[in-house]
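Good morning, colleagues. Please take a moment to look at the model on the screen before I begin.

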Amino acid sequence: MANIRPFCMPKWGIEMTEGTIAEWMVKEGDAFTKGQVLCLIETAKITNEVEAEYDAVLKRLLTPASEDAHPVGALLGVFADADTPDAEIDAFIAGFKPAETSVAAKSGGSAPAPAPAAPAPAAAEPARAPKKIVTNRAISPEALKLAEAEGVDIEPIAGSGRNGRITYQDVVQATRPERAAALKGSATLVEDSPEAFASPLARRLAAHHGIALSGITGTGPRGRISKADVLALVKPTTAAAPVFGAAFELVANPATVQPFDKIRKVVARRLTEAKQTIPHFYLRASARVDDLIALRKTANVVLGAKASINDYIVKAVALALVRHPDVNVQVHGDAVHSFAHADVSIAVASPKGLVTPIVRQADRMHIAQIAATTRALIDKAQAGKLGYEDMDGGTFSVSNLGMFGIENFDAIINPPQGAILAVGGVNRVATEADNGDIAFESRMSFTLSVDHRAIDGAAGAQFLQTLKSLLEAPEGLFA
């Protein structure tokens, strides 16, 4: 029999039950080679590129790209050799029985082969093919990409970056049409009287109201013309009295309806389940971070890194979790899973909603490694390129809204994890110094949301106490 292989909806992780074909990159009847991207499959929070694991032909495409979700194991397409008769393909499909779970490796390759996406609505203008630009000028990669896409000539652009480098903003500015200046001529001013003895403010008021200073008798010291002298000559204008309670005409106020997309639906469902099924309780604390802020500036110079305050918080959280393993847990049904190392999830806002990529074994990393890892994860999240392996697992979460001026908030636990730390902003507060005087210090607030099924209040409090001591004596983060 011909070499016929099914392509089924893969299962990535124990929580995945369904997926959506976002786009096919090959058509029915197309041959593909090993490593070629076949299609894009969307799950709860990620979009995965599915690559072919061998050379074959997409003989039958059963599930086109759409918004519909398909269960794990559903037959999406059939791969075979080019000379396989259609009758054998039909017989294979008729006799196919999906397994309970199907992993991409078992389903004949990476994942479905992208079929032609649904035709997009006709655009006002056809898409413009990027124009390749070859230049020796210094230009950022993103600026070059935009210039090629928009067909911008970069030669006349004066780069505003370091050493004349053309930046993304320079190219954006070059795409905008030049504005013609609207010249209105010179302003008509009352002829000033240089010999008049007047204050500067009186001169400006006189010019503004068209009053000649030469005819004014000053009442100020030594006959100086003051503001009051000029204002006394200003003719009052009779402004119409405001009418309160006048007839008010209502205008149309239609609602703009935006249904949840697939990602938002999954996030809403998971958060609702977490809030309803997990008995949350909350512990609050704050830490003095003056030494941390000062140490970060010095350490970034010494390490040659760009570590943020959040990177130091992730490191402190990881060390505190290792010292308090009863907080470094996951809850699965009636069992609590404890871990030796801290896999810290960081909450990131992405175009697909809130995602939580993981800094794995953060307790074993130094600050520069954490900074590089979090930067890479944030870039992937904002580009919508996070993979399942970037978010699978995690033993604890950190959600930081301090950069938005939020003082404190309560976060919802990310199951199956047992706790999440909500980080607020840094505020200058007055405190009593050792000598009894009033001094100011920088304090950061924290709220620990805890799953009471697995973590007791005392354990959470001890974890926060350790976290506070690490942040207030940040040299320990480098031990």
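Let me start with a question: does R222 count as buried or exposed, and at what relative accessibility? R222 has a relative accessibility of 73%, and therefore counts as exposed, the cut-off being over 50%. I should state at once that this is a predicted model.

R222 also deserves attention for its backbone. Its phi is near 55 degrees, which is a positive value in a residue other than glycine. In the chain, R222 sits in the loop that joins α4, residues 200-209, to α5, residues 227-231.

A second residue belongs beside it. Q361, again not a glycine, has a positive phi, near 50 degrees. Q361 is placed in the loop between β15, residues 358-359, and α9, residues 367-382. How does Q361 count in terms of exposure? With a relative accessibility of 30%, Q361 falls between the limits of 20% and 50% and so counts as partly exposed.

The third backbone feature concerns a pair of prolines. The peptide bond running from P415 to P416 is cis, and its omega is near 10 degrees. P416 itself is found in the loop between β16, residues 396-400, and β17, residues 419-432.

I turn now to helix packing. Helix α8, residues 309-323, and helix α11, residues 457-472, have axes that come within 9 Å of each other and cross at roughly 135 degrees. That angle lies outside the ranges for parallel, antiparallel and perpendicular, and the two helices are therefore oblique to each other. The crossing of α8 past α11 is right-handed.

Which residues make this contact? From α8 they are Y312, A316, V317, L319, A320, L321 and R323, and from α11 they are F463, T466, L467, L470 and L471. By class, the residues of this contact divide into 10 nonpolar, one polar and one charged.

Finally, the protein as a whole. Its secondary structure comes to 11 helices and 18 strands. The protein has 479 residues, of which 40% count as buried. Taking the contacts between residues at least 6 apart in sequence, 64% join residues that are at least 24 apart. The exposed area of the protein is about 28100 Å², and carbon and sulfur atoms supply 54% of that area.

To close, I would ask you to return to the view of α8 and α11, and to follow their right-handed crossing on the screen. Thank you.

Notes. Residues numbered from 1 in each chain as written. Predicted model: local features only at pLDDT ≥ 70, side-chain atom pairs only at ≥ 80, totals over all residues. Heavy atoms only, no water. Axes fitted to C-alpha atoms, helices over the stretch in contact; angles between N-to-C directions. Helix = DSSP H or I, 4+ residues; strand = E, 2+ residues; numbered from the N terminus. Parallel < 35°, antiparallel > 145°, perpendicular 65-115°, else oblique. Left-handed = near helix turned anticlockwise from the far one by under 90°. Contact = heavy atoms within 4.5 Å. Nonpolar A, V, L, I, M, F, W, Y, C, P; charged D, E, K, R; others polar. Buried < 20%, exposed > 50% of the residue type's maximum accessible area, 1.4 Å probe, protein only. Areas by Shrake-Rupley, 256 points an atom, 1.4 Å probe, with all protein chains shown as cover.
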